[in-house]
Amino acid sequence: MSDDRKALFGRADEFMSLFKRGAEFSKELIAENERLRRKVLELEQHQNFAARDDGEWDKLRAELLMRIENLEEERSNALQRLRQLEEENHQFARRYVEVEEENNNLANLYVASFQLHSTLDLSEVVKIVIEIVINLIGAEMFAVYMLDEKTNRLEAVASEGEAAESFPKVPLGSGIIGSSVESGETFCGDPAGSDDYLKPIVCIPLRVQDRPIGALAVYRLLQQKDGFSPLDHELFTLLAGHAATSIFSARLYSQSERKRNTIQGFIDLLTK
Amino acid sequence: MSATHRILIVEDSPTMRQLLVFALKRLKGAEMVEAQDGMDGLRKVSSDHFDLALIDINMPVMDGLKLIRLIRGEDNLKEMPIVVITTEGAKEDRERALALGANEYLTKPIQSNRVLQVVRNLLKLE
């Protein structure tokens, strides 16, 4: 067989195969068309039947109404849950702010307490008290009074905003400062400020158990501070106890150091 | 683990320094370096890299305003954010510090969360 004939038979086979596929596809299309036609007929019959039968319409309507009712109930429940979640969210946000504030307050109190007990040097303790009052409370003018047990008078040993010598010596039990130290009650007045050294706006008595040590009297706050916060009151309480203990400990340590040095001096004299 | 943000705290009060370190510890990966006055701060900022500085105004040896002026005079420190933390609440004090190159001005007594918020903003943290 020549090559031309072979090529001709090959193209004929190809054409036949294509034709068969086309015929199969046409059969499939006819079958699908038939199926859809039956479906349309079915739906038309169903529609006609429903249109003719009131009972069927009522049933259909009842079903739809029930479905609508269910959907509305679901929507109402979803809205209610959304509102609950929003409320919970607000509560969490409020709680977060409260916890943050509490956290800050605790940090301030921790740092104040840590610093007060970080040294046994009396001048250092007084310096730390001053730092706390300036930086954590925000006072501009104040004085730290110490009780002279011989004269029973309170004398300013350190201050801010005015020289310590400017503040008067106050007898124990006299005026706001003397009474506060004697009673152990913190005095807290108008935060607007006072120019009268005998009338501070805050007086914190420094006491160890029932023993008066001194007082911290605040006369004026920094201009950007317009009142006392709950943290300030916590700091007043902390200073009343911890500053007094630190001052008392530092004094005892200083006395014992002096005694130890004196005794050591005697020992050295006797042994050398 | 190396620090992601290095913060210099220039403050003469140990109480304030401890409080600021305490507050800034909440920044993940932050490392705080303390300086006790302006001169100490200048030494540290000149010899090391910092992403931000918190500076007090009233300090012995060298005050905060002079330190800010010197920092802004250095080409490599012109962009470093500076936050002033001070007792000086007057408007003119604020304006002077901002004019010298401070980015933020906070007054004492400080709120730790406010400091944290300002530092986060300046360091462009979440």
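This report walks through a predicted model of two chains, A and B, starting with a sheet and ending with unusual backbone angles.

**The sheet in chain A**

Let's begin with the sheet. Chain A has an open, antiparallel sheet of six strands, in the order β3-β2-β1-β6-β5-β4. At its edges stand β3 (170-171) and β4 (187-188) of chain A; each has a single partner strand, so one side of each lacks a neighbour in the sheet. At the β3 end, β2(A), residues 153-160, pairs antiparallel with β3(A) over two bridges. One of the residues to look for here is A:R153, whose bridge partner in β3(A) is A:P171.

Two helices lie against this sheet. Helix α3(A), residues 122-137, packs on the sheet and touches β1 (139-148), β2 and β6 (211-221) of chain A, with its direction at about 150° to that of β1(A). Helix α5(A), residues 230-271, lies across β5 (202-208) and β6 of chain A and runs at about 45° to β5(A).

Now for β6(A) and its two neighbours. On one side, β1(A) and β6(A) pair in the antiparallel sense over seven bridges, and A:V144 stands opposite A:L216 of β6(A). On the other side, seven bridges join β5(A) to β6(A), again antiparallel, with A:L206 opposite A:G214 of β6(A). How buried is β6(A)? Of its 11 residues, 10 are buried, so the strand is largely enclosed by the rest of the structure.

**The nonpolar core**

As a rule, in soluble globular proteins nonpolar side chains tend to be buried together. The largest nonpolar core in this model counts 79 residues, and the ones with the most contacts inside it are A:V129, A:V133, A:Y145, A:A215, A:L216 and A:A217. Which element gives the most to this core? That's α3(A), with nine residues. For a close-up, pick A:V133: leaving aside residues up to four places away in sequence, A:V133 touches A:A139, A:F142, A:L216 and A:V218. A:L216 is worth a second look, since this residue is also the one that A:V144 stands opposite.

**Where chain A meets chain B**

The contact between the chains takes 20 residues from chain A and 17 residues from chain B. On the chain A side, α2 (54-116) and α3 each supply at least two residues, and α2(A) gives the most, with eight. Sorted by class, that side of chain A has 10 nonpolar, seven polar and three charged residues.

Two helices of chain B show how chain A takes part in covering its partner. In α1(B), eight of the 11 residues are buried, so this helix is largely enclosed by the rest of the structure. The buried residues are B:T15, B:M16, B:R17, B:Q18, B:L19, B:L20, B:A23 and B:L24. Their cover includes α2 and α3 of chain A, along with β1 (5-10), β2 (30-35), β3 and α5 of chain B.

In α5(B), residues 112-122, the buried residues are B:S112, B:V115 and B:V119. Down the helix axis they fall within an arc of 65°, so they line one face of the helix. An α-helix has 3.6 residues a turn, so residues three or four places apart point the same way. The cover over the buried residues of α5(B) includes α2 of chain A, together with α1 (14-24), β3 (52-55), β4 (82-86) and β5 of chain B.

**Backbone angles worth a look**

Most residues other than glycine have a negative phi, and most peptide bonds are trans. Here are some that go the other way:

| Residue or bond | Angle |
|---|---|
| A:N152 | phi near 60° |
| A:Q209 | phi about 50° |
| B:K124 | phi near 55° |
| B:K108 to B:P109 | omega near -5°, cis |

Where do they sit? A:N152 is in the loop between β1 and β2 of chain A. A:N152 counts as partly exposed, with 13 other C-beta atoms within 10 Å. A:Q209 belongs to the hairpin of β5(A) and β6(A), which has two residues between the strands. With 9 C-beta neighbours inside 10 Å, A:Q209 counts as exposed. In chain B, B:K124 follows α5(B), while B:P109 is in the loop between β5 (104-107) and α5 of chain B.

Definitions and conventions
Residues are numbered from 1 along each chain as its sequence is written. Chains are lettered from A and ligands numbered from 1 in the order in which they are written. This is a predicted model: local features need pLDDT of at least 70, side-chain atom pairs count only at pLDDT 80 or more; totals for chains, interfaces and linings use all residues. Two strands pair if DSSP finds at least two bridges between them. Helices (H or I, at least four residues) and strands (E, at least two) are DSSP runs, numbered from the N terminus. Two residues are in contact if their C-beta atoms, placed from the backbone, lie within 7 Å. Axes are lines fitted to C-alpha atoms, for helices over the stretch in contact, and angles run from 0 to 180 degrees between N-to-C directions. Ala, Val, Leu, Ile, Met, Phe, Trp, Tyr, Cys and Pro count as nonpolar, Asp, Glu, Lys and Arg as charged, and the others, Gly among them, as polar. A nonpolar core is a set of buried Ala, Val, Leu, Ile, Met, Phe, Trp, Tyr and Cys residues joined through C-beta atoms within 7 Å. A residue is buried if 20 or more other C-beta atoms lie within 10 Å of its own, exposed if 12 or fewer, and partly exposed in between; C-beta atoms are placed from the backbone. The arc is that of the directions from the helix axis to the C-beta atoms.
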